[in-house]
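Biologist: Let us go through this chain together, starting with its overall form and ending with single residues. Please keep to what can be computed from the atoms.

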Amino acid sequence: MNLATTPALVDVPESTSINTLLAERVARTGDQPLLERRETPSAPWVPVSANEFDAEVVAVARGLVAHGVKVGDRVAIMSRTRYEWTLLDYAIWAVGGVPVPVYETSAPDQVQWILGDSGARFAFVETAAHAGIVTAVRPNLPALEGVEVIDAGLVATLRAEGADVDPQEIVDRRTGVHASDLATIIYTSGSTGRPKGAELTHGNFAHVSLNAAEALPEVLESDGARTLLFLPLAHVFARLIQVAVLSADAVLGHAPDVKNLVGDLGSFKPTFLLAVPRVFEKVYNSAEQKASASPVTRRIFYWAVRSAIAASRAQDTGRVPASLAVQHKIADRLVLGKLRDAMGGAVVHAVSGGAPLGERLGHFFRGVGVTVLEGYGLTETTAPAAVNLPRSVAIGTVGPAIPGTSIQIDEDGEILIKGPHVFRGYHNQPDLTAEALVDGWFHTGDIGTLDSEGRLRITGRKKEIIVTAGGKNVAPALLEDRLRSHPLVSQVVVVGDQRPFIGALVTLDAEMLPGWLANHGLPNMPLSEARVHPDVLAALDRAVARANQAVSRAESIRKIHVMESDFTEANGYLTPSMKVKRALVLKDFGSTVDDLYDGAPTQPHA
């Protein structure tokens, strides 16, 4: 199969906007909680009803009008994921403005590019430090008229400024926004080159939000549905979830600091989560490390893992043998239930995107009692283009096309997408738009296959395909994902283009290293020593051997180099959405790759 289409469950008329989605929620559940917020990590969660949130949106929107924000104006938001971001988003939409998200970790040159390219008139930033970054580049931003700080009382200031603005002004502006109007410009995090600004409309968001609620009622419409958002709201995935949750009958909370995430999950008790695969890998690896404190707990943990995976696989056959069901119940009491508690205790579903999760982890978490719905999408598709459905999960795939979407596999294996959620183009870049959008089909740059049921499986990035000296085509993503699942490993870049065999650059996980060393009877040591320690290298060799089991001999990793430091966002080798900037790594560490092939013997991995 090379073409699969899922009909839309909800058609979005031109009169629809994000504003009307909120209005419908207010009319439907006005006195019921829409969000929950708290001032400090130790404070209780305070419900905010739909009526209360709408009133606050209007008050802040009146302040924006007084502030001079006109219809179509770009307003940048640079902040962590917090209640005020959502409030500002909806207030800007209410006055017909266009929010432009900026990662709060962005460097000055990135901030300058995004604000300059978008033509932002105002910038709302979280802290004085963020204001300092914007102020430093402000001489190069002639369109920027003001920089306001959330922590300095921005919301209260706007409410006060808008006290004399006629509320009818907001009514008129809200109703004047339609589906085809620009809702936001989201800049891709840029694994290569400068970020591109994807223009997404109100109709893009409305289509996905309304159809997701119909396609995933078990997640978004179940009794007591609630989620804690900790992904950055500068990312399209979190932004879409924000709109989808507030459009459905679920409750939204925000977790600004991932360091407090376990405590936040425990107090908020979400029923579903949104995360990238690295989060699930960390949950598993942390549990594994704690269990490795003694031989007994280690054996119990691995037995429980095998029971969870076996029970999940048995579900796919339609029958879980009685003996396995008993084992699974015991494993749940001893181990698996504690993992659910670490995620808040009420999580039933989790949606994963951004990179392949891996079948083993997918089965493990379903065996834990948390069904991970792996999906696929891009900024240009307003996040999801395909997603597994709770009632028909196919682990190892990213599911069928979301309602209203067509997926086609081109002759060279590239995934093409068409639907009402596909962006309208790249801001100020007509040539790139014409290249990416051909006859309504968005060329994703990813490669994949469709099975007989129309479910999509991602196999790699078109531009990242490695062709060895022997002519073998290798997609690095599968090997990288499998090797990265080891607790010692943080990041992996598979190499081998025009080389005699496949190799890999590997970085160690500084957070996991001390625990791993202690559990293996080794003294604590810095990364510089660990990267060359025989026991660490032996463990990595075993991890490579396991990763190689998924590929042929010609595709297998034959040699690795352990890097002296990690690839991080701080040093520029990792995007804010946790993707390695492969081209930059290969450019800056070209000599390291050369050394990998410089006459040294290869490992005999099968």
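Overall form and selected residues

Biologist: How many helices and strands does the protein chain have?
Modeller: The model is a predicted one. Its secondary structure contains both kinds of element, and the count for the protein chain is 22 helices and 26 strands.

Biologist: What radius of gyration does the protein chain have, and what would a compact globule have?
Modeller: The protein chain has 606 residues, and for that number a compact globule would have a radius of gyration near 25 Å. The C-alpha trace spans about 75 × 55 × 50 Å along its principal axes. The radius of the chain agrees with the globule value, at 24 Å.

Biologist: What percentage of the residues of the protein chain count as buried?
Modeller: A residue counts as buried under 20% relative accessible area. The area exposed by the chain is about 24,500 Å², of which carbon and sulfur atoms supply 54%. Of the 606 residues, the buried share is 56%.

Biologist: Among contacts between residues at least 6 apart in sequence, what share joins residues at least 24 apart?
Modeller: Contacts here are between heavy atoms within 4.5 Å. Of the contacts in the protein chain that link residues at least 6 apart, the share joining residues at least 24 apart is 68%.

Biologist: How far apart are the mean positions of the positive and negative charges?
Modeller: The protein chain carries 56 positive and 68 negative charges. Taking the mean position of each set, the separation is 7 Å.

Biologist: Which residues of helix α7 are buried, and what arc do they fall within?
Modeller: Helix α7 covers residues 167-175, and its buried residues are I170, R173 and R174. They line one face of the helix, because seen down the axis of α7 they fall within an arc of 100°. In general, residues three or four places apart in an α-helix point the same way, because there are 3.6 residues a turn. For α7, then, the names are I170, R173 and R174, and the arc is 100°.

Biologist: What covers the buried residues of α7?
Modeller: The cover over these residues includes three other helices. They are α1 (18-29), α2 (50-67) and α3 (83-94).

Biologist: Is T382, with its positive phi, buried or exposed?
Modeller: Most residues other than glycine have a negative phi. T382 is not a glycine, yet its phi is near 55°. T382 sits in the loop between β14 (371-378) and β15 (383-387). Its relative accessible area is 0%, so T382 is buried.

Biologist: And N428, which also has a positive phi: buried or exposed?
Modeller: N428 is not a glycine either, and its phi is about 65°. The residue lies in the loop between β18 (425-426) and α16 (430-436). Its relative accessibility is 54%, so N428 counts as exposed.

Biologist: Which residues does I114 touch, leaving out those up to four places away in sequence?
Modeller: I114 is in helix α4 (residues 108-118). Its relative accessibility is 7%, so I114 counts as buried. With the sequence neighbours left out, I114 touches V100, P101, V102 and Y187.

Biologist: How far apart in space are V134 and D109, C-alpha to C-alpha?
Modeller: V134 belongs to helix α5 (residues 128-137) and is buried, with a relative accessible area of 1%. Beyond four places in sequence, V134 touches M78, V111, L115, A123, V125, L144 and V147. V134 and D109 are 25 residues apart in sequence, and their separation in space is 9.7 Å.

Biologist: Where in the secondary structure is F272, and which residues is it in contact with?
Modeller: F272 is found in strand β12 (residues 272-275). At 2% relative accessibility, F272 counts as buried. Leaving aside neighbours within four places, its contacts are V219, L220, A225, R226, T227, L228, V245, A250, V347 and H349.

Biologist: What distance separates the C-alpha atoms of F364 and D223?
Modeller: F364 is found in helix α15 (residues 359-368) and counts as buried, at 1% relative accessibility. Beyond four places in sequence, F364 touches Y284, V305, A308, I309, L336 and L339. D223 is 141 residues away from F364 along the chain, and the C-alpha separation is 26 Å.

Methods
Residues numbered from 1 in each chain as written. Predicted model: local features only at pLDDT ≥ 70, side-chain atom pairs only at ≥ 80, totals over all residues. Heavy atoms only, no water. Helix = DSSP H or I, 4+ residues; strand = E, 2+ residues; numbered from the N terminus. Rg over C-alpha atoms; globule rule 2.2 N^0.38 Å. Buried < 20%, exposed > 50% of the residue type's maximum accessible area, 1.4 Å probe, protein only. Areas by Shrake-Rupley, 256 points an atom, 1.4 Å probe, with all protein chains shown as cover. Lys, Arg positive; Asp, Glu negative; His and termini not counted. Charge placed at Lys NZ, Arg CZ, Asp CG, Glu CD. Arc of directions from axis to C-beta.
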